[in-house]
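Please open the structure in your viewer and keep the selection tool at hand. The tour goes from stop to stop, saying at each one what to select and what is there.

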Amino acid sequence: MEPFMLLPPAMINKMAVHEILECNDQTARFGLQLSASEALELVETRAHSLRSFGRVEFAGGMINKLILRFCDSPFLSCHNYAAALNDLIETFYYFKNETLDEISDDELIGLMKVYFDGNCQGSLELLQNRELETLARNIRYGLTDYWNVHPNEDDPDNEEVDVW
């Protein structure tokens with residue numbers, strides 16, 4: 001059965017690509033830009049991830065939030081930008097499920113960025129398999145400081161994470 005849609009998927013994709021390309025105005029100062037084909041690939045990755053993880057999204061903009069939050073990362077360059085964004089989109093939806101939707105989209109994106117630029121030093125594998133797995137486990141176990149994925153480290157800044 002086809003899902004009920006007010007707009008045809010081709011029109012929705014075209015609008016999403018346009019919104020993504022508008023982010024180029026802000027990301028260009030970091031030397032990062034997406035082509036129309038890369039933007040379409042991001043839209044397709046989102047659609048595939050939503051289907052794969054059994055999720056529904058009523059409002060767009062999640063890709064734009066990821067783009068704008070991650071564009072100043074010292075670990076992204078014009079050589080890995082589009083591929084990293086595709087991985088971050090899949091990671092986002094996977095961990096929305098794993099965190100039982102207990103945290104907002106903005107908070108998850110903020111934590112992803114803090115971990116990516118911090119302990120992970122730009123490694124998507126560490127982000128996915130260490131930091132976010134620990135975050136999800138902390139949330140499922142009901143820890144109030146769920147963002148504190150390394151509580152035993154002697155780091156005075158480890159107690160609070162600024163995700164904004």
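The stops below begin with confidence and go on to the core, one helix, a loop and some aromatic rings.

**Before you start**

This is a predicted model, in which local features need pLDDT of at least 70 and side-chain atom pairs count only at pLDDT 80 or more, while totals for chains, interfaces and linings use all residues. Residues are numbered from 1 along each chain as its sequence is written, and side-chain values use heavy atoms, with hydrogens and water left out.

**Colour by confidence**

Colour the model by pLDDT, the predictor's confidence in each residue, from 0 to 100. The mean for the protein is 90, and 87% of its residues reach 70 or more. Among the elements, helix H1 (residues 9-22) has the lowest mean pLDDT, 90, and helix H2 (residues 24-27) has the highest, 98. Helices here are DSSP runs of H or I with at least four residues, numbered from the N terminus. Where pLDDT is low, the predicted coordinates should not be read in detail.

**Select the core**

Next, select Leu 66, Ile 67, Tyr 115 and Leu 135, which touch the most other members of the largest nonpolar core, a set of 43 residues. Such a core consists of buried Ala, Val, Leu, Ile, Met, Phe, Trp, Tyr and Cys residues joined through side-chain atoms within 4.5 Å, where buried means under 20% relative accessible area, exposed means over 50%, and partly exposed lies in between (1.4 Å probe, protein chains only). The elements giving two or more residues to this core are H1, H3 (36-52), H4, H5, H6 and H7, and the largest share, nine residues, comes from H5.

Stay with Ile 67 and show its contacts (heavy atoms within 4.5 Å). Leaving aside neighbours within four places in sequence, Ile 67 is in contact with residues including Ile 20, Leu 42 and Tyr 81. Now move to Tyr 81, which lies in helix H5 and is buried, with a relative accessible area of 2%. With the same neighbours within four places in sequence left aside, the contacts of Tyr 81 include Thr 27, Leu 34 and Ile 67.

**Select residues 105-117**

This selection is helix H6, whose 13 residues reach 18 Å from the first C-alpha to the last, close to the 18 Å expected at 1.5 Å a residue; the expected span is 1.5 Å times one less than the number of residues. H6 is mostly covered, with ten of its 13 residues buried, among them Leu 108, Tyr 115 and Phe 116. What covers these buried residues includes helix H4 (62-70), helix H5 (81-98) and helix H7 (124-140).

**Select Leu 100 and Asp 101**

Most residues other than glycine have a negative phi. Leu 100, however, has a positive phi near 60°, and Asp 101 has a positive phi of about 55°. Leu 100 lies in the loop between H5 and H6, as does Asp 101. Leu 100 is partly exposed at 48% relative accessible area, and Asp 101 is partly exposed at 43%.

**Select the aromatic rings**

How many aromatic pairs does a search of the whole structure find? There are six, counting rings of Phe, Tyr and Trp (its six-membered ring) whose centres lie within 6.5 Å, with planes under 30 degrees apart called stacked, over 60 edge-to-face and the rest tilted. The rings of Phe 53 and Tyr 94 have centres 5.7 Å apart and planes at 65°, so this pair is edge-to-face. Phe 53 lies in the loop between H3 and H4 and Tyr 94 in helix H5, so the pair ties together parts 41 residues apart in sequence.
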